[in-house]
Amino acid sequence: MASITALCFSDPLSFQAAISTADLQLLPTARGQFRAELTKVCFDQLWMQRFHHNLPLINAGVMKPGRRVFTCDTAA
């Protein structure tokens, strides 16, 4: 059974905690009000996440054990 979740954030700490594939630290590098959106689609053994944020970020972290990650970047 598939499940879909769509979330909106105004706080980088809440946003980084919601990304389930990695333990991340996100640091916005520009002034302004932070906004981010996260969409999760979960199947039995396949999880997909799409996210967008409005400010440039430095991110550092590690992948959680047992996860395989594929990324696609679409430049806007």
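Here are some notes on the structure above, for someone meeting it for the first time.

1. **What you are looking at.** Keep in mind that this is a predicted model. The protein chain carries one helix and five strands. Read from the N terminus, the elements come in the order β-α-β-β-β-β, so you meet a strand, then the helix, then the remaining strands.

2. **Overall dimensions and surface.** Along its principal axes, the C-alpha trace spans about 40 × 25 × 25 Å. The accessible surface of the protein chain is about 6100 Å², and carbon and sulfur atoms account for 56% of that. Of the 76 residues in the chain, 22% are buried.

3. **Contacts along the chain.** Take the contacts between residues at least 6 apart in sequence: 58% of them join residues at least 24 apart. One pair to look at is Thr-5 and Val-41, which are 36 residues apart along the chain, yet their C-alpha atoms are separated by 6.6 Å. For another pair, try Cys-8 and Met-63: they sit 55 residues apart in sequence, with 23 Å from C-alpha to C-alpha.

4. **Charges.** There are 7 positive and 5 negative side chains in the protein chain. The centres of the two sets lie 2 Å apart.

5. **The core.** Which residues make up the largest nonpolar core? There are ten of them: Phe-9, Phe-15, Ala-18, Ile-19, Leu-26, Phe-34, Ala-36, Leu-38, Leu-55 and Leu-57. Helix H1 (12-18) and strand S3 (36-42) each put at least two residues into this core. In soluble globular proteins, nonpolar side chains tend to be buried together.

6. **Phe-9 as a way in.** If you want one core residue to click on, try Phe-9, which is part of the largest nonpolar core. Setting aside neighbours within four places in sequence, Phe-9 is in contact with Ser-14, Phe-15, Ala-18, Phe-34, Arg-35, Ala-36 and Leu-38. Among these partners, Phe-15, Ala-18, Phe-34, Ala-36 and Leu-38 also belong to that core.

7. **How the strands pair.** S1 and S3 run antiparallel and are paired over seven bridges. S3 is also joined to strand S4 (residues 47-53), again antiparallel, by seven bridges. Lys-40 faces Gln-49 of S4 across this pairing. S3 and S4 form a hairpin, with four residues between them.

8. **Cys-8.** Cys-8 is in strand S1 (residues 3-9), and its bridge partner in S3 is Glu-37. Is Cys-8 buried or exposed? It counts as exposed because its relative accessibility is 66%, and the cut-off for exposed is over 50%. Not counting residues up to four places away in sequence, Cys-8 touches Ala-36 and Glu-37.

9. **Thr-5.** Thr-5 lies in strand S1 too. Its relative accessible area is 34%, so Thr-5 is partly exposed. Beyond its neighbours within four places in sequence, Thr-5 is in contact with Leu-38, Thr-39 and Lys-40.

10. **Gln-16.** Now move to helix H1, where you will find Gln-16. Why does Gln-16 count as buried? Its relative accessible area is 16%, and buried means under 20%. Outside its neighbours within four places in sequence, Gln-16 is in contact with Leu-24, Gln-25 and Leu-26.

How values were computed. Residues are numbered from 1 along each chain as its sequence is written. This is a predicted model: local features need pLDDT of at least 70, side-chain atom pairs count only at pLDDT 80 or more; totals for chains, interfaces and linings use all residues. Side-chain values use heavy atoms; hydrogens and water are left out. Buried means under 20% relative accessible area, exposed over 50%, partly exposed in between (1.4 Å probe, protein chains only). Contact means heavy atoms within 4.5 Å. Accessible areas come from the Shrake-Rupley method with a 1.4 Å probe; for residues, only the protein chains shown count as cover. Lys and Arg count as positive and Asp and Glu as negative; His and the chain ends are not counted. The place of a charge is taken as NZ of Lys, CZ of Arg, CG of Asp or CD of Glu. A nonpolar core is a set of buried Ala, Val, Leu, Ile, Met, Phe, Trp, Tyr and Cys residues joined through side-chain atoms within 4.5 Å. Two strands pair if DSSP finds at least two bridges between them.
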